[in-house]
Amino acid sequence: MLARSKAIVILGMHRSGTSLLAKTIKALGVYIGRDEQMISPREDNPEGFWEHSDIVDIHEKLLGSLSSSWDTTKPLPAEWWLSEELQSYRSRMKDIIASNFSNYAVWGFKDPRTCLLLPLWKSVFQELNVEPVYIICLRNPLNVAASLYKRDRFTNEKSMALWNLYVMSSLYYTIDERRLVVSYDRLIEQPVAMGERISHFLNIPFNETERDLMGSLPNGGLRHGNYSSSQLWQSQSVPSVIKQIYQLCLSVENENNSNSTDVNASVTRTYENLEQTITLMNHERGCRFQFYWSGADEQFSEEKSSYITVDTSGKMESYQITIKEVIGSVLRVSLPQELTMINCSKLMLTDGQDEINLHQSSTIEYADFLELGIPNSKTDSLTGLTNGEDPQWVIKNLPPLRESVTLHIDISCSFQLNGELVKKLQQQRTSEEIMNARHDEVIRITENKLQLEISEKETLRLEREQLELRLQLQIKELQLLNVEQEATIRLAATQIEKQLETLELLYEERVEAKQTSLNQELQAKIDELQTRLQAKNKLPSNDHVLLLRQKDQEVEQYRREIDIYKSSMSWRITMPMRWMGDKARNSKRRGKMLAKHMLKWYAIQHNKFTRSTGLAGKLSYKKYALIISHTNYLESMGGTEKYIYEQTSHLAYNDVGVIQIYPAQSYSFLATKEGTYYGVVADGQFKGFHTIIDIVSWLTKLHIQLRLLYTHHLLNWQIIDYMTLYQQTKNHFSFVHTLFIHDFFVLCTSYHMMYEPKTEFSVKQAGDRRSCISEIAAASECGQEAAICQSCRYGLHLSDWRQAIQPVLDHADQIVVPSFFVKDTVSAVYSDIADKITVKGHLVFTGQSIVYKPKPSERKIRIAYLGYRMDNKGWQFWERLYKDQSLRQIYEFHHVGSQESYADHVIMHQYSFLKDGKMAATNLLINHEIDLVLLWSIVPESYSYTLHEAIAAGVPVLTSPKSGNIAATIDLHPELGKVLHSEEQLLTFLANPEEVKCYVSGEKARYVLESNHLSLTKEELQP
């Protein structure tokens, strides 16, 4: 044994979750034995018992020697472990530890019978210098009784008596020992928290790997009975003594109170009164009969078995076992090991309408069983005594049967000998005397045959030795040949490697030369195209001049803002550190944007010469939906793109393909520029950039049925291009047009509806930068244009903008918005379309579950920023939070999103909506036990995926009144989070950690997110 190894002993009543607890400590790294040493799973425990077969075997034999069993309701005799007759079992226990666990510093085992036999184990631990640590699994006795009734048909009273004996024994024998009481219900509902608690108790590391394992262990579907503590207190069928013991166990469950003087005194007093309690609740124990069938492979295993529990009253009872597979030709019955009188009056198989009497039609052999009948006689009953360590009946020569049969058994058993048994023993004795005489004659004949066989075996042995010598010589010859062949192969391999190295060098030279040539051709072509464009664009149009003038005003406005901020003392002091961080980040961002624009620009110019090739080829579906949006939904992952991605999957499920069209560059909405290009994606494949005329021509030549038009966003479109596309396709196809309003683009060029002044940008005006929704809605209800639009930089062409949008709204058959917040705002400006508007959120909540979240008392509070790094999402405020030294002493900062790491003290959790699915962010929040989510948007959100992801994880949200639909949702459901009216109010809340810990703990609702798709009508789907 290693110096002072540690043994983790799992205690608890049967059906109390000890198997799940054993599986948990195994996942934490505790060695419990090899998999092949574990008891095989059975129907009543399909995920495995995690019990060492040697330990279970010695426990069953030890209980049998004490005239007891696992289902006894009586305590074992006083100081039974000191008996000299049981010292052989003590030696076997030491041998099991030495042969299985001696090389492990931390090991453990689980068998509920240990609760009754713990005194003997404790003496073994003391002798071997092993440090025992005990984990007791506690479960509501009503749920234990329900599970025992399903498996063994035990009465409620017997189950309560068993629970009483096992639980009190485990508590009594662990007084003044290191122990931890674990609730089975919490182990099921809070696997990560309970795994962390157990690892801390055992002083075992608990990292991300263990955290992920814990969440996958429990299977709540295997629970039989789901009674609460309140139902236990109110139940009239539960004795008061059981309620008192369960209340005592709940107090012991508190880790800091598990071995207090008061608790131990209560345990001692209750256990000493146990015999009186058992007298009131005592029941005869039962005998277990295990039935094994050989199956199609003619092999016995635990998986192909079932059992019945027969009481020992001697009363004949009927039982049935349904076998839903091929039974095979042999049936084996394992009998009780104790000296038991058994009487079986019926042993019959039914196969449909056919009945097979196994007493009459099959051969029955016995092992460690004394049959009290006439030998070799065919009777309809079987009576006898078990008299060995492994008594069995083996029923052979079963006829071929179907895959589903029923075994009928009428059987009784008793530990007491009666007059009938004595009479049969006397008859048996006379029969045995006759049989002994015959037996002696058989032995004499058999001995003669054995002598002949021994001489024949000696001859065969000599021949075998000669054959082995010849084989050894042949093997040596083959080994010599193999050595020579290996040398030849190695030489050939060396030559091939040298040839490959030469080929690689030649290939690299050719690739480098080819790459240089292609780069030169590409640069020449780019220079030529740039020259052409510069010549074409020498004379700017009036619209272009207007846009340049507006851009100059924006630059001048930004310069004034920078001058104001630079005049402050805090700006000057922190300039060096901030300049270095912004410079590195901005240079990286500019590099990416430049590369992206150059590639797209080249693709567009290249398309001018090969515009027809990208749209060639047949499509995969007959029916199609045309989707209009502002970006390629396969490349960007904003809220609109997420919705389109789910929408395409839903359409594909209904055999509807998707063609998406989006602008290649940022075009002015009101401009009439020629030579504009738009990207095409069909069936998930990019088809290049093309003009609207080319796209319309391609669509009208396709042999498809265009049934749906989904207009999602017109940002970066020229409205004249969109109307051309709409009119041409409408003339050729008959479709239903649905307009999706994801933000406020139909109201203003500032699709976030934020007021910004035109000129004289001051610090005060910067502070006044705010949402203008309420003022615009109020003015529209009076039929007027809002006064705030007169001084806003986005109000320059507002009337022309809305006039251009109006036909889009008129042509739509239906308009879908994600929230009532958007509907009310849009309806205020366009009152004539209110009847067309349907509110349909992108996501819906399903599969609610209630979990208990404990207080984060032993760790920092975890707060997370959820989503992209964008200023309008509150990024600047988030930066101030995680850089605050005082807050970092209290909080652990996390960022759940698809971003790269940006600060050492912010833990990043990256995920992909495309690869990981819509529950990815929610699962990250749950698995990392995030306590708070910050959604501090400074612009009104029309809809928020991140809000729904946080709600589904059961994590409270902190937001501001400026966040639009986020704040509106939380105002309507205050249990989901807090709307804090200023940054100062939020900081005050965070500065009180005890208030925050109470706020984030307790019962939380969690959900499963599903996409909220539009229903497709029969007219849209019909051929």
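## Cysteines, rings and loops in a predicted model

A search of the whole of this predicted model finds zero disulfides.

Reader: Happy to dig in! Which cysteine sulfur is closest to that of C789, and why is there no bond?

Author: A disulfide needs two cysteine sulfur atoms within 2.5 Å. The sulfur of C789, a residue that counts as buried at 8% relative accessibility, is 6.1 Å from its closest cysteine sulfur, so the two are too far apart for a bond. That closest partner is C772.

Reader: And how far is the sulfur of C792 from the closest cysteine sulfur?

Author: C792 is another buried cysteine, at 7% relative accessibility. Its closest cysteine sulfur belongs to C748, and the gap is too far for a bond. The distance is 6.0 Å.

Reader: Thanks! Now the overall picture: how many helices and strands are in the chain?

Author: The chain has 1023 residues, of which 46% count as buried. Residues 24 or more positions apart make up 74% of the contacts with a separation of 6 or more. As for the elements themselves, the chain holds 33 helices and 33 strands.

Reader: What share of the accessible surface belongs to carbon and sulfur atoms?

Author: The total comes first here: the accessible surface of the chain is about 53400 Å². Of this area, the part that belongs to carbon and sulfur atoms is 51%.

Reader: Let's turn to the rings. How are the planes of F989 and Y999 arranged: stacked or edge-to-face?

Author: The count of aromatic pairs comes to 39. In the pair F989 and Y999, the ring centres are 5.9 Å apart and the planes stand at 90°. Planes over 60 degrees apart fall in one class, so this pair is edge-to-face.

Reader: Which helices does that pair tie together?

Author: F989 is buried, at 6% relative accessibility, whereas Y999 is partly exposed, at 22%. The two rings lie in separate helices, so the pair ties together parts that are ten residues apart in sequence. Those helices are α31 (residues 983–990), which holds F989, and α32 (residues 993–1000), which holds Y999.

Reader: Nice. Over which ring does the charged end of R288 sit?

Author: There are two such cases to look at. R153 lies over the face of Y149, at 5.0 Å from the ring centre. The charged end of R288 is 3.6 Å from the centre of its ring, which is that of Y307.

Reader: T174 caught my eye too. Which backbone oxygen lies 2.7 Å from a polar atom of its side chain?

Author: T174 sits in the loop between α6 (156–172) and β4 (179–183), and it is buried, with a relative accessible area of 0%. Leaving aside neighbours within four places in sequence, its contacts are L11, L118, Y134, I136, R179 and N259. The oxygen at 2.7 Å from the polar side-chain atom comes from S170.

Reader: One last pair, R15 and N203. Is R15 buried or exposed, and is N203 buried or exposed?

Author: Each has a positive phi without being a glycine: about 65° for R15 and near 60° for N203. R15 is in the loop between β1 (6–11) and α1 (18–27), and N203 is in the loop between α8 (191–202) and α9 (208–216). The cut-offs are under 20% for buried and over 50% for exposed. At 17% relative accessibility R15 is therefore buried, while N203, at 68%, is exposed.

Note on methods
Residues numbered from 1 in each chain as written. Predicted model: local features only at pLDDT ≥ 70, side-chain atom pairs only at ≥ 80, totals over all residues. Heavy atoms only, no water. Helix = DSSP H or I, 4+ residues; strand = E, 2+ residues; numbered from the N terminus. Buried < 20%, exposed > 50% of the residue type's maximum accessible area, 1.4 Å probe, protein only. Contact = heavy atoms within 4.5 Å. Areas by Shrake-Rupley, 256 points an atom, 1.4 Å probe, with all protein chains shown as cover. Polar contact = N/O pair within 3.5 Å; in protein donor to acceptor, adjacent residues only side chain to side chain. Phe/Tyr/Trp six-rings, centres within 6.5 Å; stacked < 30°, edge-to-face > 60°. Lys NZ or Arg CZ within 6 Å of the ring centre and 35° of its normal.
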